[in-house]
Amino acid sequence: MQKTSGTLSPADWIVDEGLINSAGHRISDGEKRDILKQVYDGDTVHEGGAALERYLTQHGLQHYTEYHPADRYTAMLSIETALYLALALALFTAAAHLVRRRTS
């Protein structure tokens, strides 16, 4: 799920966050570094975050956050548990088959 504005619950699971351009493409880490160098020219910060936000707005860039809502945690946990149980059952069955085959 992707959310571009608003607030997240502290229980939400953040998967990824960063910047996207006006075409909806994600900005790479190298491009983020270049933007920060351009905005803050070195290591002096004159206006704090306001300069960065102004630059992002002027260039059509937006923050994005990709997350899983907290209310879906139980469903994700159930699916993961079912997959691990199925894998365990398959491995147990294969091991039992191999042991029986070798002892007979």
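Take the contacts in the protein (heavy atoms within 4.5 Å) between residues at least 6 apart in sequence: 65% of them join residues at least 24 apart. What you are looking at is a predicted model, where local features need pLDDT of at least 70, side-chain atom pairs count only at pLDDT 80 or more, and totals for chains, interfaces and linings use all residues. Residues are numbered from 1 along each chain as its sequence is written, and side-chain values use heavy atoms, with hydrogens and water left out.

On to the fold. There are three helices and three strands, where helices (H or I, at least four residues) and strands (E, at least two) are DSSP runs numbered from the N terminus. Walking along the sequence, you meet them in the pattern β-β-α-α-β-α.

As for the surface, about 8,300 Å² of the protein is exposed, and carbon and sulfur atoms supply 58% of that. Areas like this come from the Shrake-Rupley method with a 1.4 Å probe; for residues, only the protein chains shown count as cover. Of the 104 residues, 16% count as buried. Buried here means under 20% relative accessible area, exposed means over 50%, and partly exposed is in between (1.4 Å probe, protein chains only).

Now the charged pairs. The structure holds three salt bridges, each one a side-chain nitrogen of Lys or Arg within 4 Å of a carboxyl oxygen of Asp or Glu. Here they are:

| Salt bridge | N to O distance |
|---|---|
| D16 and R26 | 3.1 Å |
| R26 and E66 | 2.2 Å |
| K32 and D29 | 3.5 Å |

Start with D16 and R26, whose side chains meet in a salt bridge. D16 sits in strand β2 (residues 13–20) and R26 in the loop between β2 and α1 (29–40), so this pair ties together parts ten residues apart in sequence. Both ends are partly exposed: D16 has a relative accessible area of 26%, and R26 has 46%.

R26 also forms a salt bridge with E66. That pair links distant parts of the chain, with R26 in the loop between β2 and α1 and E66 in strand β3 (residues 62–68), 40 residues apart. E66 counts as partly exposed too, at 22% relative accessibility.

The K32 and D29 salt bridge is a helix affair: the two residues are three apart in helix α1, separated by about one helical turn. K32 is partly exposed, with a relative accessible area of 24%. Back to shared partners: D16, R26 and E66 are joined into one network by their salt bridges.
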